[in-house]
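Let's take a walk through this model together, from the overall build to a few details worth finding on screen.

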Amino acid sequence: MALMDLSPVLVVVLVLLLLLLPLPLLFWRGGEKFSGKLPPKSRSNSIWGDTSAFWSDPLAFLDKKRAEYGEIYILKLFGREKIVTTTPEAAKFFLVNVHKSFKHGYRPSITRITDPEGNFTDPDNSVKVRKLLKTPLGPGSIRDSIPTYDALSRSIIDTWKDGEVLNAFHEMERITLKCILNLLWGQEDRQLEYDRVMELHSKMNHGCHVKFPINLPFTAYGKALKAKRDITDLLKEKLKQLRASRSQDYCCMSSVIFSDGENGLTDAQVSSLMLTLIFAGYRTTATVLVWVFKFLSENSKALEELQMEHDALSQSRESNGTPLTWADVKRMPYTMKVIQETLRLAPVVKFMPRVALEDVQFKGYVIPKDWSLGVSYEFHKDPAFFPDPLTFDPSRFNEPIKPGVFIPFGAGAHICVGYEFTNVLLPVIIHRVVSTYSFEPQGPDGVEFWPQYGPKGGLPMKVKLRAGKCL
Ligand code: HEM
């Protein structure tokens, strides 16, 4: 019988079956050999193991497993076994001490979207790319850009109307995206480009968080790959324009864009790098800000102290109209503690995934070659390091924190490259919001975990001009 004679439904079923056929091969570990004892296995009954429980609340799930199994255990996610570690000691061991025995462990279906050229996920590229980023993303150039980030933040925050209800996540996304695009291609304000990048990024993000990444034109994963191709075309076009029309020092990233010779990157690598920085940077930073507003709205004492810091800063500055500088950011110590406490309680990255390149021994257990490892930092909520861990209390950062127990930006060879950028952007945005507005969440209580861990519905909130403030 010819394929055309079959009903369309039957054709779809047959196509799906063909696509699913290789699945068992994916999960089969093929008689692997290793010497040593595996860590304890999490008990689960279905072929998908812990997937559903993890999916419905990853943080509660990881907490529960940590309490049940301690320092290291095996869980089964998406049909595959993965070793998870839970302590600062294990984090240091795997991320720093023996990092050369591991590579990044993001699912290939994800890196195909987020790092198509393997700039960060391929160990051969990663050292070179990170070296190239040292100057543009280092403290010097990022701190010099504070006035620009302040102006870009104000271009959105100053448009808020007294008494308006707005979606905090959406507003923060707009600001952080503007600042990241500025970092990548200099001072420009083209709303159309922002909207397009945001729309494509949103599709990519959804595709990265589907349980079953099936590449068909109508699936979320297929749409994400299409969005990745579109955004890559846009970035390549941008790169061409930048190379054709700009002098070599127009923005932070020009040293990367104009890099050549054996230390340089190809066009495909530069556009892939831009894509990764956009992907890794703007929603993570926006999510942290939304959590800051959420925690502050629930903790009036912390909010009052923060307002005092920002009011004092505003009063001491010659004019509120002049852009903030690094000297101003240095005068926000309490703000920094609010940010740290937010990162402690609301991690934007759930665990740091790795794959073993060889058998590695840890505390009497083996992590066999080719196995996946997830380094979790749920120890951020361990009472041994953070007394009364579930309480939002920025003052706990008054005292220095024991090294290695607080690593919201990771550690070792893959520590976040956006750390300096975040470190200045967050306080700048917080200053502009907190010194001008009061805010009251309006939406439903609760959290959502996918595509990112944040307050439900992106935190709709009513903003009101504070007494004596005008724009
Ligand atoms: C508050 C916001 C942010 C948080 C909490 C955060 C957190 C992290 C963490 C925990 C890692 C380590 C992942 C691992 O070891 O597997 C990481 C890596 C990374 N981050 Fe961030 N990040 C933030 C903002 C940014 C920004 C703004 C950018 C870009 C401008 C960025 C770019 C990256 C990149 C490219 C990597 C991969 C580095 C590598 O693999 O060598 N991040 N981030």
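Of the 471 residues in the protein chain, 36% count as buried. The model is a predicted one. Its protein chain holds 18 helices and 12 strands. Among contacts with a separation of 6 or more, 73% are between residues 24 or more positions apart.

Now for the interior. In soluble globular proteins, nonpolar side chains tend to be buried together. Here the largest nonpolar core has 76 residues, and Ile 180, Leu 289, Val 290, Val 292 and Phe 293 have the most contacts inside it. Helix 14 supplies the largest share of this core, 16 residues. Ile 180 touches Leu 277, Ile 278, Gly 281 and Tyr 282, leaving aside residues up to four places away in sequence. There is also a second, separate core of 25 residues, which includes Ile 72, Ala 90, Phe 362 and Phe 379.

Which residues come nearest to the ligand? Of the 24 residues around the ligand, these are Ala 280, Gly 281, Gly 410, Cys 416 and Gly 418. Two or more residues of the shell come from each of helix 7 (123–133), helix 14 (267–298) and helix 18 (419–436). Helix 14 gives the most, with seven residues. By type, the shell divides into 14 nonpolar residues, nine polar and one charged.

Helix 14 also packs against helix 12 (residues 220–245): the two axes come within 9 Å and cross at roughly 115°. This crossing of helix 12 and helix 14 is right-handed. On the helix 12 side, the contact is made by Ile 231, Thr 232, Leu 235, Lys 236 and Leu 239, and on the helix 14 side by Asp 267, Val 270, Ser 271, Met 274 and Leu 275. The residues of this contact divide into six nonpolar, two polar and two charged.

Finally, a look at the backbone. Most residues other than glycine have a negative phi. Two residues depart from that pattern, with a positive phi in each case:

| Residue | Phi | Location |
|---|---|---|
| Lys 363 | near 50° | loop between strand 6 (360–362) and strand 7 (365–367) |
| Asp 388 | near 50° | loop between strand 8 (372–376) and helix 18 |

Are these two residues buried or exposed? A residue counts as exposed if 12 or fewer other C-beta atoms lie within 10 Å of its own. Lys 363 has 12 such atoms within 10 Å, so Lys 363 is exposed. Asp 388 is exposed too, because 8 other C-beta atoms lie within 10 Å.

Note on methods
Residues are numbered from 1 along each chain as its sequence is written. This is a predicted model: local features need pLDDT of at least 70, side-chain atom pairs count only at pLDDT 80 or more; totals for chains, interfaces and linings use all residues. A residue is near a molecule or strand if its C-beta atom, placed from the backbone, lies within 6 Å of it. Helices (H or I, at least four residues) and strands (E, at least two) are DSSP runs, numbered from the N terminus. Ala, Val, Leu, Ile, Met, Phe, Trp, Tyr, Cys and Pro count as nonpolar, Asp, Glu, Lys and Arg as charged, and the others, Gly among them, as polar. Axes are lines fitted to C-alpha atoms, for helices over the stretch in contact, and angles run from 0 to 180 degrees between N-to-C directions. A crossing is left-handed if the near helix is turned anticlockwise from the far one by less than a right angle, and right-handed if clockwise. Two residues are in contact if their C-beta atoms, placed from the backbone, lie within 7 Å. A nonpolar core is a set of buried Ala, Val, Leu, Ile, Met, Phe, Trp, Tyr and Cys residues joined through C-beta atoms within 7 Å. A residue is buried if 20 or more other C-beta atoms lie within 10 Å of its own, exposed if 12 or fewer, and partly exposed in between; C-beta atoms are placed from the backbone.
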